[in-house]
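Open the model in a viewer and keep the selection box at hand. The tour goes from the core to the aromatic rings, the cysteines and the empty spaces.

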Amino acid sequence: AMAQRVPGTTSMGSLSRAVVVAALVAPAMGFVTRPALRTIHRRAAQPLSMVSTPDKTSASPANIDSDSPAGMAGDSWHPGSWRDYRCEQLPEYPDKSAVEEVEAELRKCAPLTFAGEMRELQAQLAEAQKGNGFLLMGGDCAESFDEFSTDHIRDTMRVILQMALVITYGSGQPVIKIGRMAGQFAKPRSSPTEKVTMEDGSVVDLPSYKGDNINLDIPTAEARIPNPALMLRAYHQCAQTLNILRAFVGGGYADLSRLQEWNLDFVKKSPSGSKYRMLSNKIEEAMRFIRAIGIDTSSGPFKTTSFYTAHECLLLQYEQALTREDSTTVRPDSTGPGNYYGCSANMLWIGERTRQLDCGHLQYVRGLKNPLGVKISNKCENDELLELLDIINPDNIPGRVTLIIRMGNENIRDHLPRLVKAVEDAGKNVLWISDPVHGNTITAANGKKTRPVARIMDEINGFFEVHQELGTHPGGVHLEMTGEKVTECTGGTIDEVTEDGLLEKYMTHCDPRLNGEQALEIAFQIAENFRAKEGLQDLCSTDDDEGCAW
């Protein structure tokens with residue numbers, strides 16, 4: 001219960017809340033401890049040879065200590081074994097020798113991510129599976145060469161950090177932050193061709209745009225021909241993106257004492273922005289208190305945080321070329337290879353269109369030690385899901401598999417319960433997270449694809465309701481979003497985007513994204529869902545700020 005404060009005095013309730021916020025928010029937001037910082041420094045000093053490159057396309061088979069479901073040989077995996085299976089959504093390159101040259105060049109490149117990062121992420125995901133964490137994934141639908149800039153990366157990361165802070169404070173859950181960045185280029189398409197309106201108003205059929213690392217979003221037949229050289233261009237942009245992210249994360253950009261500097265212009269003038277400012281003021285009060293009692297807030301634990309990257313594992317030629325063997329796990333007697341990691345990202349996920357049990361995409365990721373995600377729709381049958389889990393996680397390792405549920409608000413309450421029950425009854429270790437955007441895509445009257453925020457909110461609410469009813473943990477959310485003020489998703493209570501307003505700033509190269517205001521609204525909704533689950537007071541009433549829990 002909140003203490004009643006006498007005017008002109010500081011209540012014990014306010015003081016205790018300041019202490020609690022200081023004690024909980026820093027570790028829950030992922031601010032690393034001194035031992036963790038030492039680990040980071042040691043890793044930075046290690047040579048790149050700690051993760052080595054397989055010399056050949058078909059490297060030595062890795063030992064996978066399990067029986068082989070779905071006809072996939074348990075002892076025959078190697079980074080290129082996916083080539084023996086059918087594969088959906090891969091581009092048809094006209095020049096095979098050019099593809100081989102690009103793959104050879106990529107095998108010589110430095111890994112973008114490192115084994116230690118993947119192990120740290122998997123440990124955090126394992127805790128989240130136990131109910132001790134929440135996974136927040138966000139970023140562009142598809143990265144592009146044209147939109148790449150430091151400001152674009154900074155703004156998206158900043159909104160993710162703002163969302164994480166709101167969810168942490170409202171839920172009491174540590175938030176694991178993953179950006180759909182530094183690799184989210186390729187996109188699966190439902191048709192090999194698409195109709196494109198030309199400048200003169202004519203409509204022509206062209207090969208579908210599949211992402212900037214495959215072909216270009218230019219309305220000519222030549223630009224739509226898959227070009228393997230784009231993989232190299234994408235790799236170098238990913239390296240720059242990761243350099244920017246690591247500089248922000250390690251350079252004090254996430255400093256708790258500078259929270260107000262995170263506010264974007266649209267947050268400062270919005271109702272949700274004012275709630276956020278009130279929240280950050282409370283954390284600043286806690287920071288002042290702990291500084292007053294002699295704790296140094298200028299040190300590492302208060303100035304840095306953990307931030308990971310992920311993307312859909314779609315373009316297997318690129319992924320295989322960036323697969324590396326962790327030399328620290330090679331057996332001393334040379335009786336077998338070490339662990340293999342997909343070093344294009346910390347986490348890789350398989351999409352709804354490529355998760356077929358006999359598909360090469362599952363064959364590729366099953367031999368990696370990365371944390372893995374799988375998109376699951378209402379079309380997935382119970383037995384199919386269990387067999388999929390046997391393929392990619394036969395040893396039932398905690399933290400290895402995240403199930404990303406994309407069903408649409410009309411299906412989530414009907415179909416998610418049966419899948420959760422089946423997985424729980426089978427004793428499988430998974431983290432359940434919601435993708436409330438992909439199943440709620442519609443076409444507006446003006447022909448633009450959009451996603452109503454009201455439907456997205458409803459699917460999130462349904463996701464929480466199902467887990468509340470079954471006594472399981474709603475472990476995260478996966479959003480296509482940007483830090484820019486785009487007009488691609490309709491709705492929202494702050495500067496509502498109408499169908500007529502979609503054209504004002506419709507900039508996406510693929511699917512519609514939430515803007516920063518809409519994403520922050522969703523963060524408050526998630527926080528309030530957690531508080532309702534625990535029987536706590538709402539963060540803020542709908543009428544005024546006097547109902548705020550803080």
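How many residues does the largest nonpolar core have, and which have the most contacts inside it? Select Leu403 and Trp432: these have the most contacts inside the core, which has 76 residues. Bear in mind throughout that this is a predicted model. Next, colour helix 5, since the largest share of this core, 9 residues, comes from that helix. Another core lies apart from the one just shown and has 22 residues. To find this other core, select Val102, Cys109, Ala186 and Ala321, which are among its members.

**Aromatic rings**

The structure holds 6 aromatic pairs. Start with Phe145 and Phe185, whose ring centres are 5.7 Å apart with 50° between the planes, a tilted pair. Where in the chain do the two partners, Phe145 and Phe185, sit? Phe145 is in the loop between strand 2 (134-139) and helix 5 (150-171), while Phe185 is in the loop between strand 3 (175-180) and strand 4 (193-197). The pair thus links distant parts of the chain, 40 residues apart. Both Phe145 and Phe185 are buried.

Now move to Phe463 and Phe464. Why is this pair, Phe463 and Phe464, edge-to-face? The ring centres are 6.2 Å apart and the planes stand at 80°; an angle over 60 degrees counts as edge-to-face, so the pair Phe463 and Phe464 falls in that class. Phe463 has a relative accessible area of 0% and is buried. Phe464 is at 7% relative accessibility, and because buried means under 20%, Phe464 also counts as buried. Add Phe134 and Phe530 to the selection: with Phe463 and Phe464 they form one aromatic cluster.

**Cysteines**

How many disulfides does a search of the whole structure find? The search finds 0. Select Cys141 and Cys510 to look at one case. The sulfur of Cys510 is the closest cysteine sulfur to that of Cys141, at 3.9 Å. A disulfide needs the sulfur atoms within 2.5 Å, so the distance from Cys141 to Cys510 is too far for a bond. Cys141 is at 1% relative accessibility and counts as buried. Cys380 can be selected as well; at 0% relative accessibility, Cys380 counts as buried.

**Closed and open spaces**

Rolling a probe the size of a water molecule over the atoms shows where empty space is left. The count comes to 7 cavities of 30 Å³ or more. In the largest cavity there is about 120 Å³ of space. Which residues lie nearest the centre of the largest cavity? Select Asp140, Glu143, His152, Ile153 and Met181, which lie nearest the centre among the 13 residues of the lining. Helix 5 returns here, giving the most to the lining of the largest cavity with 3 residues. Helix 6 (229-250), like helix 5, supplies at least two residues of that lining. By class, the lining of the largest cavity has 3 nonpolar, 6 polar and 4 charged residues.

The last stop is the second largest pocket, which has about 690 Å³ of space. Select Arg353, Arg406, His438, Thr441 and Asp511 to reach the residues nearest its centre. The second largest pocket is lined by 35 residues. Colour that lining by class: 4 residues are nonpolar, 15 are polar and 16 are charged.

Definitions and conventions
Residues numbered from 1 in each chain as written. Predicted model: local features only at pLDDT ≥ 70, side-chain atom pairs only at ≥ 80, totals over all residues. Heavy atoms only, no water. 1 Å grid on protein atoms, 1.4 Å probe; cavity = no way out; pocket = protein on both sides within 12 Å on 5 of 7 lines; lining within 4 Å. Points joined across faces, edges and corners; volume = space filled by probe spheres on them. Nonpolar A, V, L, I, M, F, W, Y, C, P; charged D, E, K, R; others polar. Phe/Tyr/Trp six-rings, centres within 6.5 Å; stacked < 30°, edge-to-face > 60°. Helix = DSSP H or I, 4+ residues; strand = E, 2+ residues; numbered from the N terminus. Buried < 20%, exposed > 50% of the residue type's maximum accessible area, 1.4 Å probe, protein only. Core = buried A, V, L, I, M, F, W, Y, C linked by side-chain atoms within 4.5 Å.
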